[in-house]
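User: Please take a close look at one part of this model, the salt bridges, and then follow the chain outwards from there into the surroundings. I would like one connected account, with the cut-offs stated for each term.

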Amino acid sequence: QASITAVAGIATFSQLVYEGNGQAQPFQLVASGGNLPRVSSESISSRVIATQLVFTIQPAGSISGFPLLVQPIVEARDSLGQIDRSFSETLTLTTTGPGGITGQTVVAVNGRAVFSTLVYVATGDQEAFALVVDDEVGGEEGNLSARSSEMIISDVVASRFLYVQQPSGAVNGKPFNVQPRVAAVDSLGAVDTGFEERVILGVSGQGVLQNVEVQAHSGIAIFENVIYLAVADGETFVLTVDDVVGGLDLAAQESQVLTADVIATRLIFATQPNGSISGRPLLVQPEIAAVDSVGLVDKDFSELVNMTTQAPGILTNLAIPLIDGVGKSTTLTFTASQDHQQVTLTANDVAGGIDLSLVRSDPFLCDVVASTMTFGILPQRVANGEAFKLQPVVKAEDRGVVDVDFDDVIALSSDGKGRLKAEEVAAVDGVALFSN
């Protein structure tokens, strides 16, 4: 109700304001004064014109990459808080955070914009942001001031693992040169810093993986001493990371393909030498392999290995080339200085390349097998019918070494016209001593 004093019979109102209830409705002004009868004006139409945007429901419950659990509702209101029911502009939300949003545009209906598919995609876990709503430029209401929501915290919830550091440099029996490091991330790759579970590695290869379980902290699992025990050089395998039972059940993730490298540290006799007959190739020739500490062959090792011995005698054809880590002699020969001589071979790689530890074979015996007979003592001239003053000695030898296993009968004959008496003697230890 408003009143004013008439001047010269006229009442002129200048600050008259009508406050409606938010609904467009007709009304009349009714004038009364003195003893004059009341008078009504013609019907007047009243409406609300928005001057501000208001969040009537604040956004909340942000899980990165998913629709907000509480979607915002914005209304166009006047200064008295009445909804402008004729407001039908497009409202757009922007964010103060570093992340991005989708579903941010809605057309207001009867002065109200109801968002239903708004999604915030965070760049990191526990990221804080606010939403800012604004209307279109122009319109009956003019350009309304933008309005910010309350602050929201976006939670990253992990759904899978991601290798932030791929493993590499797998040397058999030793820690990887580059140890694996994995993160618990959501579908868009943001790390869930609230992930604090045990993480375990599996392997697709035939070998054995060691030191496979660690505790994740702030969404990151750092492995420090993972070792792969291969079954062969050049074996390929893949690591698989997964969480232990309980908590979030994340999707397992495979690493890049790895190759196990065997690096030789020593030589071994894969086949021991044996069957030695002096001056002839061994019946069982030695086979040499370059292996690591657990005995796997290094297939990349291709060097020359020399055989030596400290036994008195002569070793020939002593060089063995190793190809793909293995080499076998075919003509190694030992010539003994005595029968039943014990021989031990030493294998050593030549200078250059990898310097491996030398290795000695099992001892074996070298057998002298007689190939000829020689007179150890020659008989001298003797009178007819009398015994030789110096009786002959005959030896069964090979290359000047007596065959002590020779026990055959040795017979002497003469190319003269006479005859010999006691012309046969059984050899003892390869020597036949004649008498009388």
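Analyst: **Salt bridges and their surroundings**

Arg112 is partly exposed, with a relative accessible area of 38%, where buried means under 20% relative accessible area, exposed means over 50%, and partly exposed lies in between (1.4 Å probe, protein chains only). The model is a predicted one, in which local features need pLDDT of at least 70 and side-chain atom pairs count only at pLDDT 80 or more, while totals for chains, interfaces and linings use all residues. Residues are numbered from 1 along each chain as its sequence is written, and side-chain values use heavy atoms, with hydrogens and water left out.

Arg112 forms a salt bridge with Glu75, their closest N and O atoms being 2.5 Å apart; the term stands for a side-chain nitrogen of Lys or Arg within 4 Å of a carboxyl oxygen of Asp or Glu. Because Arg112 belongs to strand S11 (residues 112-114) and Glu75 to strand S7, this pair ties together parts that are 37 residues apart in sequence. Strands here are DSSP runs of E with at least two residues, helices are runs of H or I with at least four, and both are numbered from the N terminus. Glu75 also meets the side chain of Arg77 in a salt bridge, at 2.6 Å from N to O, and the three residues Glu75, Arg77 and Arg112 are thereby linked in a network. Within this network Glu75 is buried, with a relative accessible area of 2%, whereas Arg77 counts as partly exposed at 24%.

Val54 leads from this network to another strand. Val54 is found in strand S5 (residues 52-57) and is buried at a relative accessible area of 17%. Leaving aside neighbours within four places in sequence, Val54 is in contact (heavy atoms within 4.5 Å) with Ile73, Val74, Glu75, Arg77 and Arg147, a list that includes two members of the salt-bridge network. The C-alpha atoms of Val54 and Ile83, which are 29 residues apart along the chain, are separated by 9.8 Å.

On the surface, Ile57, Leu69 and Val70 form a nonpolar patch with about 260 Å² of accessible area together. Such patches are made of residues with over 30% relative accessible area and no salt bridge, like charges being joined within 9 Å and nonpolar side chains (Val, Leu, Ile, Met, Phe, Trp, Tyr) within 5 Å. Accessible areas come from the Shrake-Rupley method with a 1.4 Å probe, and for residues only the protein chains shown count as cover. Leu69 lies in the loop between strand S6 (62-63) and strand S7 (73-77), and is exposed at a relative accessible area of 64%.

A whole-structure search finds 4 salt bridges, and one of them joins the side chains of Arg198 and Glu213, at 3.1 Å from N to O. Arg198 lies in strand S19 and Glu213 in strand S21 (residues 213-215), so the pair ties together parts that are 15 residues apart in sequence. Both residues are partly exposed, Arg198 at 33% relative accessibility and Glu213 at 37%.

Glu213 is also among the residues touched by Val199, a list that includes Phe161, Val182, Val214, Phe223 and Val241 when residues up to four places away in sequence are not counted. In the largest nonpolar core, which has 26 residues, Val199 and Phe176 touch the most other members. Strands S17 (160-165), S18 (181-185), S19 (198-203) and S25 (239-243) are the elements that give two or more residues to this core. A nonpolar core is a set of buried Ala, Val, Leu, Ile, Met, Phe, Trp, Tyr and Cys residues joined through side-chain atoms within 4.5 Å. Apart from this core lies another, of 25 residues, among them Leu282, Leu322, Ala347 and Leu356.

Finally, there is a sheet to consider. Strand S31 (residues 304-309) is joined to strand S37 (residues 345-349) by 5 bridges, and the two run antiparallel; strands pair if DSSP finds at least two bridges between them. Asn306 of S31 stands opposite Asn348 in S37, and has Ala319 as its bridge partner in S33.
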